[in-house]
Amino acid sequence: NGAMRFATNNTQRMAIAATGEVGIGTASPSSYYNSPLVTYQASANYLTIATNTDGISSILMSDGTSGNEQYRGQLEYKHDGDEWRIHAANATVVTLKDGHMGIGTTSPNISSITGRAMTLNAPTSGYAIFEFAENGVRQGNINHYGDIFKMYNNQNGALELGTNNSTRLTIAAGGDVSLTHDLSAANLSVA
């Protein structure tokens with residue numbers, strides 16, 4: 001009723017515990033939380049999943065044995081484009097490529113900018129929304145729906161716009177607008 005142990009050069013390298021957990025580099029894989037496979041190496045530990053230069057390496061999470069239940073969650077790396085993808089419920093939810101991040105898209109730099117882009121792609125007739133929250137309560141959001149772009153403070157507070165680390169325009173919670181700039185000079189133009 002003990003573990004099955006594997007050794008090379010008189011040193012244990014792998015163990016299968018009596019309860020079925022597999023340990024590589026550890027003699028007691030059942031000591032770790034809910035893990036059927038444990039690897040251990042002091043100071044740095046790597047797990048290598050190798051494939052061809054145009055292949056895909058993945059870790060699949062399953063909640064069934066048929067259809068897309070076999071891969072409902074997936075962490076995927078595409079070698080030919082050096083691209084990370086995170087899938088959930090059989091859809092790509094996050095793509096990381098060339099320093100760009102896409103949410104809901106596999107093309108995170110749709111404008112082909114030089115620098116870094118973060119793209120939030122909504123389905124047809126859906127919202128693309130960035131929400132800002134504090135302790136699970138939405139404080140504000142920036143969203144796009146159809147041809148309307150919106151910025152909201154969802155709390156009873158002001159919305160401020162600024163440049164050069166200074167507030168330039170404030171929209172109070174009640175809707176009053178104030179500019180923090182000298183209007184006596186010709187600094188405001190209305191077209």
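Biologist: How many bridges join E12 to E13?
Modeller: This is a predicted model. In it, E12 and E13 run antiparallel. One pair across them is Asn143 and Lys150, which stand opposite each other. The number of bridges joining E12 to E13 is six.

Biologist: Which residue in the turn between E12 and E13 has a positive phi?
Modeller: E12 and E13 form a hairpin. Two residues lie between the strands. The phi in question is about 65 degrees, and the residue in the turn that has it is Gly146.

Biologist: In what order do the three strands of the open sheet with E12 stand?
Modeller: Strand E11 (128-134) has a single partner strand, and so does strand E13 (148-153). Each stands at an edge, so one side of each is left without a neighbour in the sheet. The pairing is antiparallel, and the order is E11-E12-E13.

Biologist: What does the twist of that sheet average from one strand to the next?
Modeller: The sheet is the open one built from E11, E12 and E13. From one strand to the next, its twist averages 10 degrees.

Biologist: Which residue in E12 stands opposite Phe132?
Modeller: E11 and strand E12 (residues 137-145) run antiparallel. Seven bridges join them. Opposite Phe132, in E12, stands Gly140.

Biologist: Is Asn141 buried or exposed?
Modeller: Asn141 is found in strand E12. Its C-alpha is 7.4 Å from that of Asn154, 13 residues apart in sequence. The cut-off for buried is under 20% relative accessible area. At 3% relative accessibility, Asn141 therefore counts as buried.

Biologist: Which side chain meets Glu131 in a salt bridge?
Modeller: The N to O distance of this salt bridge is 2.8 Å. The partner counts as partly exposed, at 37% relative accessibility. The side chain that meets Glu131 is that of Arg138.

Biologist: How many salt bridges does the count come to?
Modeller: One joins Glu131 and Arg138. Another joins Arg85 and Glu83, at 2.5 Å, N to O. Glu83 also meets Lys97, at 3.5 Å, N to O. The count comes to three.

Biologist: How many residues apart in sequence are the parts that Glu83 and Lys97 tie together?
Modeller: Glu83 lies in strand E7 and Lys97 in strand E8 (residues 91-97). Their salt bridge belongs to a network that also links Arg85. The Glu83 and Lys97 pair ties together parts whose separation in sequence, in residues, is 14.

Biologist: Which residue is partly exposed, with a relative accessible area of 28%?
Modeller: The network links Glu83, Arg85 and Lys97. Arg85 is buried, and so is Glu83. For Glu83 the relative accessibility is 5%. The partly exposed residue, at 28%, is Lys97.

Biologist: Which strands are the edge strands of the six-strand sheet?
Modeller: This open sheet has the order E5-E6-E7-E8-E9-E10, with mixed pairing. An edge strand here pairs on one side only. The edge strands are E5 and strand E10 (118-120).

Biologist: In E6, which residue is the bridge partner of Ile59?
Modeller: E5 and E6 run antiparallel. Six bridges join them. The bridge partner of Ile59 in E6 is Leu75.

Biologist: How far apart in space are Lys78 and Ser28, C-alpha to C-alpha?
Modeller: Lys78 has its place in strand E6 (residues 73-78). Lys78 is partly exposed, with a relative accessible area of 22%. Lys78 and Ser28 are 50 residues apart in sequence. In space, C-alpha to C-alpha, they are apart by 34 Å.

Biologist: What accessible area does the nonpolar patch on the surface have together?
Modeller: Its members include Leu47, Ile59, Leu75, Trp84 and Met118. Strand E5 (56-61) and strand E7 (83-88) each give two or more residues to the patch. Ile86, another member, is found in strand E7 and has a relative accessible area of 38%. Together the patch residues have about 870 Å².

Biologist: What is the radius of gyration of the chain?
Modeller: The chain has zero helices and 16 strands. Its C-alpha atoms fill a box of roughly 85 × 35 × 35 Å along the principal axes. A compact globule of 191 residues would have a radius of gyration near 16 Å. The chain has 26 Å.

Biologist: What percentage of the residues of the chain count as buried?
Modeller: Asn141 is one residue that counts as buried. Glu83 also counts as buried. Of the 191 residues of the chain, the share that counts as buried is 17%.

How values were computed:
Residues are numbered from 1 along each chain as its sequence is written. This is a predicted model: local features need pLDDT of at least 70, side-chain atom pairs count only at pLDDT 80 or more; totals for chains, interfaces and linings use all residues. Side-chain values use heavy atoms; hydrogens and water are left out. Two strands pair if DSSP finds at least two bridges between them. Helices (H or I, at least four residues) and strands (E, at least two) are DSSP runs, numbered from the N terminus. Axes are lines fitted to C-alpha atoms, for helices over the stretch in contact, and angles run from 0 to 180 degrees between N-to-C directions. Patches are made of residues with over 30% relative accessible area and no salt bridge: like charges are joined within 9 Å, nonpolar side chains (Val, Leu, Ile, Met, Phe, Trp, Tyr) within 5 Å. Accessible areas come from the Shrake-Rupley method with a 1.4 Å probe; for residues, only the protein chains shown count as cover. A salt bridge is a side-chain nitrogen of Lys or Arg within 4 Å of a carboxyl oxygen of Asp or Glu. Buried means under 20% relative accessible area, exposed over 50%, partly exposed in between (1.4 Å probe, protein chains only). The radius of gyration is taken over C-alpha atoms; the globule rule is 2.2 Å times the number of residues to the power 0.38.
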